[in-house]
Amino acid sequence: MLLLWAGGAYASTSANQGFTGLWEYPTAEMPDDGAGRFGYTGNSPYHYSFIDIAFLPWLEINTRLSTFDHRSMGNRSYMDKAMDLKLLLWHNSNPKMWFMPSIAAGVIDMMGTEVMKSWYGVATWRWGDVALTAGYGTDRLNGFFAGIEWDIADWLTVKAEYSPLDYSKERLLGGGRIVDENPSTKYNAGLVLKAPWGLEGSVSYQRGDEWAFTLTQRINLKGPFIVTRRVAPYMMEKKSGVIINNSSVMGLRGGNRLSHYTASKWGLTGLTKAWAIELAPYNIRVLSIHPTGVNTPMNDGLAAMEGKT
């Protein structure tokens, strides 16, 4: 009997602001259906905390809280809440049609104060481990942009882009700019390091005068799906096996202020039930475990938001 524990994995990489992309610009690639990430980027004077989710194979929604150095709101740094949306219009999954790109369109900062409001259309050509992106954006994105991404190894990705951002198009309440002048160069480059449990760290040199650092953790259904797809044929051949998915109590009920996490865990619960039916004829059991809450600082923070401390 083969026992399998299915955990997490990683997918495409994020731009500074959290959406799938290069460094400052989006690509036409998406997280897998139900996949997501949360993380933080420090790229002075910009600081982003974000949650990015692909609710459907063709829909990516990124929410973020931005803080800007040297700009204030009262007695604290200027802070801005924003939401970005990307629609996948065409996905090319046929290697024989190598000349056809995937195509997406979207909007950055689609509601609220719209500090960085921009629309864009983008195309990405992927040939194995290499992807080439080209697109056009309005307002802050400032016209034609392009980039290249190379997955050198499972744990290493290199990205470079042509970035014509126009920082004068940023719209702060009360006027003024976040960056006093446009950068000395329009090229950004860096690398992304990936851990097998979904943790990613990136370092890049941007705008010709600034180092940027990003740390992200993936939250998704892709890991269990990929692992099971790989090992299920061996289990089916032996007509024996057990697959255990690590879900959560939130995969059995709802959770206030945890909609993104709850959606992912409900998805894993549904996947478990479907696999249990599909693999039962091969004497393969598929189970999920659902740990409850643990007394950690994260739960302290949730309790504080609910006024229960």
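Which residues line the second largest cavity? In this predicted model, the lining is made up of Asn16, Gln17, Glu24, Asn43, Tyr46, Tyr48, Arg140, Leu165 and Arg207. By class, that comes to 3 nonpolar, 3 polar and 3 charged residues, set around about 60 Å³ of space.

Arg140 is worth a stop here. It sits in the loop between β8 (130-137) and β9 (143-153), yet its relative accessible area is just 4%, and since buried means under 20%, Arg140 counts as buried. Leaving aside residues up to four places away in sequence, the contacts of Arg140 include Tyr46, Tyr48 and Leu165, and these three also belong to the lining of the second largest cavity. Asp166 and Glu170 are touched by Arg140 as well, as are Lys117 and Lys169.

In total, the structure holds 3 cavities of 30 Å³ or more, and the largest has a volume of about 70 Å³. Its lining includes Thr13, Ser14, Trp23, Lys159 and Val192, along with Glu200, Gly201 and Ser202. Two or more lining residues come from each of β12 and β13 (210-219), with β12 giving the most, at 3 residues. The class split for this lining is 3 nonpolar, 7 polar and 2 charged.

That brings up β12 itself, residues 199-206, where the side chains alternate. Glu200, Ser202, Ser204 and Gln206 point to one face and are buried, whereas Leu199, Gly201, Val203 and Tyr205 point to the other and are not. The neighbouring pairing is with β11 (residues 187-194), which runs antiparallel to β12 and is joined to it by 6 bridges. Across that pairing, Val192 stands opposite Ser202, and both residues line the largest cavity.

Note on methods. Residues are numbered from 1 along each chain as its sequence is written. This is a predicted model: local features need pLDDT of at least 70, side-chain atom pairs count only at pLDDT 80 or more; totals for chains, interfaces and linings use all residues. Side-chain values use heavy atoms; hydrogens and water are left out. Helices (H or I, at least four residues) and strands (E, at least two) are DSSP runs, numbered from the N terminus. Buried means under 20% relative accessible area, exposed over 50%, partly exposed in between (1.4 Å probe, protein chains only). Contact means heavy atoms within 4.5 Å. Two strands pair if DSSP finds at least two bridges between them. On a 1 Å grid over the protein atoms alone, a cavity is a set of points where a 1.4 Å probe fits but cannot get out, and a pocket is an open set with protein on both sides within 12 Å along at least five of seven lines; lining residues have an atom within 4 Å of a point. Grid points are joined across faces, edges and corners, and a volume is the space filled by probe spheres set on the points. Ala, Val, Leu, Ile, Met, Phe, Trp, Tyr, Cys and Pro count as nonpolar, Asp, Glu, Lys and Arg as charged, and the others, Gly among them, as polar.
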